[in-house]
Amino acid sequence: MENRKLMEIYLENQELVFSTWYEKTVSKEIGIEDGELTGAIPSLEDIINKFKKWCSDNVKILKKCICVDFNYPEKKKVIKNTVDLAMLLIPFIEKEIDFPYEVAAMIILLGCDKLCTEIEHSE
């Protein structure tokens with residue numbers, strides 16, 4: 001599937017992007033490659049909480065990639081299309097983070113504003 005179309009789908013279907021990220025993350029954690037997870041997928045709320053914890057654990061990398069290198073606050077002012085914004089973010093996170101399409105979509109959905117606010121005020 002074309003990457004832009006995938007991003008459009010992810011941004012339109014929050015449950016799909018979060019469950020995809022969850023499955024890929026858990027598969028990597030337990031060492032399943034190209035396999036399929038068995039068992040129940042947690043609720044969307046539980047997955048979002050897991051992602052938020054992951055963001056907290058990786059906050060330094062995320063702030064550097066998203067707020068400093070990508071300059072999210074400025075890009076958001078200029079780029080009003082969320083698909084374009086997410087697609088432009090991917091090259092800034094893909095070297096540091098697994099599953100960059102899912103992470104970019106989820107970060108856009110949850111908002112980078114809070115992540116980057118502290119940096120703006122500290123300058």
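Trainee: Which residues does a disulfide join here, and how do you know that it is one?

Mentor: Cys-67 and Cys-116, with S to S at 2.1 Å. A disulfide is a pair of cysteine sulfur atoms within 2.5 Å, so this pair counts. This is a predicted model, where local features need pLDDT of at least 70, side-chain atom pairs count only at pLDDT 80 or more, and totals for chains, interfaces and linings use all residues. Residues are numbered from 1 along each chain as its sequence is written, and side-chain values use heavy atoms, leaving out hydrogens and water.

Trainee: What makes the disulfide left-handed?

Mentor: The torsion about the S-S bond of Cys-67 and Cys-116 is about -85°, so the disulfide is left-handed.

Trainee: Why is Cys-65 not bonded to Cys-67?

Mentor: Cys-67 holds the closest cysteine sulfur, but at 9.6 Å from that of Cys-65 this is too far for a bond.

Trainee: Why is Cys-65 called buried?

Mentor: Buried means under 20% relative accessible area, exposed over 50%, partly exposed in between (1.4 Å probe, protein chains only). Cys-65 has 3%, so Cys-65 is buried. Cys-55, at 18%, also counts as buried.

Trainee: Why are α2 and α7 called oblique?

Mentor: Helix α2 (residues 14–30) and helix α7 (residues 100–110) pack at an angle of about 135°. Helices are DSSP runs (H or I, at least four residues), numbered from the N terminus. Angles under 35 degrees count as roughly parallel, over 145 as roughly antiparallel, 65 to 115 as roughly perpendicular and the rest as oblique. The angle of about 135° falls in the rest, so α2 and α7 are oblique.

How values were computed:
Axes fitted to C-alpha atoms, helices over the stretch in contact; angles between N-to-C directions. Helix = DSSP H or I, 4+ residues; strand = E, 2+ residues; numbered from the N terminus.
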